[in-house]
Amino acid sequence: MIRRNQRFRNQLDDHLVHLHKNLFISHADPLYHEKVIRYLDANSPEAHFNLGQKFREKGNWKRARFHYKEVLKTYPSPFYSAANRAIHLLDQQQATHVANLEQTMPEKRKPLLPPFMKMLLLVLLILNVILVLFFAGDHAISRTISKMKIWGVGTQVTYESVDKPFILFLSPEMSHAEIEKKLHAQALVLAKEIPKATILLYGIVTEDNQDKGKTMLLTNEDDIKRAMVIATYQPEADALVHIRFLNAEFEEHQPLSAIGANLVRTALASYREDVGHAPVQIDELLQDYPLNYLSYIPIEAVSGSNEIKSAYKGDGGWVFNPKAADIAHMFYANVAGGDGVPYEPVHLEVNKSAYQLQLVSGSYLLWDKEIGLGTNGSTPEGVYRVIERVQQPNGRTNHSYGDAGLGLGSIALHGTYDESSIGEAKSLGCIRLTNDDIQQVFPFVPKGAEVRILSNENTPNLVRQVSQISKIIPTSLPQHSESAGNVIFHWLG
């Protein structure tokens, strides 16, 4: 129906649907729903459902089923469940129709031979075939027996199903357990609506309160890249809902996971340089002083585990392969994306002019501490390595070096009970930190870590400071001693 522009509103306008420019259709049109599909929305659930009803009433079940199935391609919709029920009713009607036809059909003729005679003839035929093969030669018999033998191997038959992808919007405050419970429940609901399909439910975190908790049909493939978790469920093939957290989760925890990996890698590189080969077991890095290359094996941040595996399985913790050619593949996170983290050694940057110490790994800043230095520029500049890691080091006098020390040779980074010397040049050449600060830094500095002492204010180019770094320290620490006992140290002090 074509309408011209009118200056005044017509009362019939409320009963018209605008399609395009001057093209309108009326609800009273007998072909209204066909025109909606043709001109307005080819996937309209309402139009397809009403056409399904129309053809069912006419007895055209094939056309009715087609339109009901078109409704099921859009989820959610107000007509989804109704279309499912309509298809079920059609199946029942067809079954009843077939049964009625069978009752009205004339009685079948009796077979010429009774069933036992047919079986007897079949057995005689098989015996004749075997006798022919027997006289044909041994080779024929062996081949026939091989072909006829039933081997004791099981069979699994899989039928192809249609994937139905959906999006579930999640709140950023939800814990892993809450996310798993939510995806599990929603996958069961969707499977009841579409029992023949494989449900793919992608979890996407959103800040929009209106979207949180909503489930929608996936229409944009780019949304998959935003997903942090996926649930897969096919009730006819598997009784389990499979939930897998994706790389988005790793990216969220990547700084902590990368720092944990590079902390151990730094110690491994130092051990290999000292001994000539990598340790056979990772625990060889956790020996008593002076072989205490590390204080602990850090927690892998994504999985919350520090369990060691010999090969990648993706189920959390770490992978340690002492035979790997490079340090990056010798130790890495046992989660998706973990093997892609580059080796960036943990090291210390000392800025003398700013009285500042920074603990760095790649582009991540672990700690930033104020320090004390030696009088009259006695703290030397250059690049050093941590030779000794000592708790409660003894000096010429009691408490000379505070609660802990990182020995660099003639000097050390150590604690002090004279906190007034922090930010000042009062030592004899060593780098001082408060006892609290040295105890915070100590567990994150492996033996062999590089220490760069600079005179100017050139600081590393850092992306950001990592928060909650202490989360990678396990609650239960290994039982090895990092104290040197009665050894007397002669650092400059």
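Helices (H or I, at least four residues) and strands (E, at least two) are taken here as DSSP runs, numbered from the N terminus. Colour the chain by these elements, and 11 helices and 22 strands appear. This is a predicted model, in which local features need pLDDT of at least 70 and side-chain atom pairs count only at pLDDT 80 or more, while totals for chains, interfaces and linings use all residues. Residues are numbered from 1 along each chain as its sequence is written, and side-chain values use heavy atoms, with hydrogens and water left out.

Next, select the whole chain: of its 493 residues, 40% count as buried, where buried means under 20% relative accessible area, exposed over 50% and partly exposed in between (1.4 Å probe, protein chains only).

Now select Leu-268, Leu-285, Leu-348, Leu-359 and Leu-413, which touch the most other members of the largest nonpolar core, a set of 64 residues. Such a core consists of buried Ala, Val, Leu, Ile, Met, Phe, Trp, Tyr and Cys residues joined through side-chain atoms within 4.5 Å. Helix α9 (residues 247-275) supplies the largest share of this core, nine residues. Another core, of 37 residues, lies apart from it and includes Ala-47, Ala-83, Leu-168 and Leu-217.

Centre the view on Leu-348 and, leaving aside its neighbours within four places in sequence, look for its contacts (heavy atoms within 4.5 Å), among them Leu-357, Leu-406, Val-441, Glu-450 and Arg-452.

Finally, go to Lys-192 in helix α7 (residues 176-193), which counts as exposed because its relative accessibility is 71%. Add Pro-235 to the selection: Lys-192 and Pro-235 are 43 residues apart in sequence and 9.0 Å apart in space, C-alpha to C-alpha.
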